[in-house]
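Open the model in your viewer and keep the selection panel at hand. The stops below say what to pick next and what is there.

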Amino acid sequence: MRFTRRHPLSTAVLLCALAVLAARPADGDGSHFSGHGSASGVGAEVARLYEEAATATERYEAGRREAEEQRARARRLEERLDRERRESAGLLEDLGRIASSQYRDGGGLPLTAHMLLADDPEELMRGQRAVRQAEMSLDKAIDRSERAEARLARDEAKAAAAWERLEKRNTELAALRRAIERKLEAARWKLQGQADASVTAGACRGAVRLDQPRTRFTTSWVAPVETYELSASYGSGGARWANRHTGQDFAVPIGTPVRAVGAGTVVKVSCGGAFGIEIVLRHEDGYYTQYAHLAAVAVDQGEQVWPGQWIGQSGTSGNSTGPHLHFEARVTPETGSAVAPVPWLARRGVSL
């Protein structure tokens with residue numbers, strides 16, 4: 001929360017007051033002080049690396065699919081050549097049988113002698129035409145097979161070169177992706193360390209203004225995170241909660257951008273307590289949503305938000321056993337008024 005009141009204090013008194021405030025944890029929900037120092041830099045770096053990792057993964061997967069298509073094309077070429085070879089072998093076998101039959105019937109006598117000695121010259125002529133047709137078919141098949149062999153050799157050479165280029169590029173992309181992910185993991189835990197310090201002090205750091213892609217949603221409601229696995233659900237029991245679980249947990253890595261599920265106003269940004277760093281929004285239909293166990297916030301209290309806007313980054317602050325987003329839908333902004341969030345979102349067209 002930004003301080004809006006200013007007092008005409010002297011410089012010395014003001015410095016003393018700031019020193020006291022910095023050393024003392026805030027009461028209640030926790031204060032939220034402005035400022036975009038190193039903490040903001042880490043949060044922004046995590047968001048940037050998050051996007052770079054997603055882009056690198058997408059490029060790697062596209063290259064892998066392209067390489068698979070090249071391999072499939074080479075297999076199709078080989079199958080086609082095998083069919084043509086089998087066809088040529090069949091024709092050659094047929095011609096051999098015809099020639100053997102002609103040889104047995106007449107040996108090496110000239111065609112004229114065969115015709116003079118034959119009981120049925122017409123039958124003999126039909127046999128000779130069959131032999132010639134078989135020879136022509138075989139010549140065509142052999143020619144086609146030779147052309148196919150040459151074409152296949154060219155295509156296989158091109159495919160092999162393309163596949164080699166793709167494999168080299170994919171190896172480079174895989175190395176780039178691993179490097180980005182290593183940097184991202186280190187930055188995530190640095191961000192979480194700052195979040196833990198904020199929760200311990202009970203004072204939130206200033207909003208981290210993330211460089212968000214201007215994604216335009218065609219719907220008025222969206223899921224609170226883009227890619228996730230559902231973990232603890234509403235109403236489930238467990239040793240971690242005094243009563244039943246009051247929200248839906250989304251298992252996501254630290255630093256994952258958290259989105260406003262719908263248009264609304266930020267009514268609470270706080271640090272400390274079981275929920276760690278949390279944000280509460282009031283929506284136009286009168287309901288409230290809570291986003292808890294965050295590592296950083298990207299909005300200030302009183303700010304207007306749109307559907308899908310990044311409002312924070314997930315973490316594992318407060319009473320949390322691992323990185324996740326705790327999401328609640330509420331009738332009031334306070335704990336204890338939660339409703340089942342999955343059907344609440346489903347009624348607004350969001351299927352989890």
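## Enclosed spaces

This is a predicted model. Start inside the protein: two cavities of 30 Å³ or more turn up in the count. Rolling a probe the size of a water molecule over the atoms is what shows where empty space is left.

Go to the largest cavity. It holds about 120 Å³ of space. Select Arg205, Ile277, Ala295, Ala296 and Val297; of the 14 lining residues, these lie nearest the centre of the largest cavity.

Now colour the lining of the largest cavity by residue class. You should find 10 nonpolar residues, three polar and one charged. Which helix gives the largest share of this lining? It is H4, with four residues. Strand E8 (288-297) joins H4 among the elements that each supply at least two residues to the largest cavity.

## A stop on strand E8

Stay on E8 and select His293, which lies in this strand. Check its backbone: phi is positive, about 65°, although His293 is not a glycine. Is His293 buried or exposed? Its relative accessible area is 5%, under the 20% cut-off, so His293 is buried.

## The second largest pocket

Next, move to the second largest pocket. About 480 Å³ of space lies in it. Its lining has 23 residues. Select Tyr50, Glu51, Glu226, Thr227 and Pro257 to land nearest the centre of the second largest pocket.

Three elements each supply at least two residues of this lining: helix H2 (38-106), helix H4 (121-201) and strand E5 (257-259). H2 gives the most, with five residues. By class, the lining of the second largest pocket splits into 12 nonpolar, six polar and five charged residues.

## Along helix H2

Keep H2 on screen and pick Ala54, which sits in this helix. Its relative accessibility is 41%, between the 20% and 50% cut-offs, so Ala54 counts as partly exposed. Now add Arg177. Ala54 and Arg177 are 123 residues apart in sequence, but their C-alpha atoms are 8.7 Å apart in space.

## The disulfide

Select the cysteines next. How many disulfides does a search of the whole structure find? It finds one. Cys204 and Cys271 form it, with their sulfur atoms 1.8 Å apart. The torsion about their S-S bond is about 125°, so the disulfide is right-handed.

Trace the chain from each end of the bond. Cys204 lies in strand E2 (residues 203-204), and Cys271 in the loop between strand E6 (264-270) and strand E7 (277-283), so the pair ties together parts that are 67 residues apart in sequence. Switch on a surface and look for the two residues: both Cys204 and Cys271 are buried.

## Two loop serines

Select Ser220, in the loop between E2 and strand E3 (229-230). Leave out residues up to four places away in sequence, and Ser220 touches Val261, Gly262, Ala263 and Pro307. Then run a distance from Ser220 to Val350. They are 130 residues apart along the chain, and their C-alpha atoms are separated by 9.6 Å.

Jump to Ser233, found in the loop between E3 and strand E4 (248-251). What does Ser233 contact, leaving aside neighbours within four places in sequence? The partners are His245, Gly247 and Gln248. For His245, the C-alpha to C-alpha separation from Ser233 is 6.9 Å, with their positions 12 residues apart along the chain. At 33% relative accessibility, Ser233 counts as partly exposed.

## The whole chain

Zoom out. The protein has five helices and 12 strands. Of its 352 residues, 39% count as buried. Show the contacts between residues at least 6 apart in sequence: 73% of them join residues at least 24 apart.

Finally, colour by pLDDT. The mean for the protein is 78, and 72% of its residues reach 70 or more. Over residues 1-39 the pLDDT is below 50; beyond near neighbours in sequence, this stretch has 43 contacts in the model. Where pLDDT is low, the predicted coordinates should not be read in detail.

Notes: Residues numbered from 1 in each chain as written. Predicted model: local features only at pLDDT ≥ 70, side-chain atom pairs only at ≥ 80, totals over all residues. Heavy atoms only, no water. 1 Å grid on protein atoms, 1.4 Å probe; cavity = no way out; pocket = protein on both sides within 12 Å on 5 of 7 lines; lining within 4 Å. Points joined across faces, edges and corners; volume = space filled by probe spheres on them. Nonpolar A, V, L, I, M, F, W, Y, C, P; charged D, E, K, R; others polar. pLDDT = per-residue confidence, 0-100. Contact = heavy atoms within 4.5 Å. Disulfide = S-S within 2.5 Å. Buried < 20%, exposed > 50% of the residue type's maximum accessible area, 1.4 Å probe, protein only.
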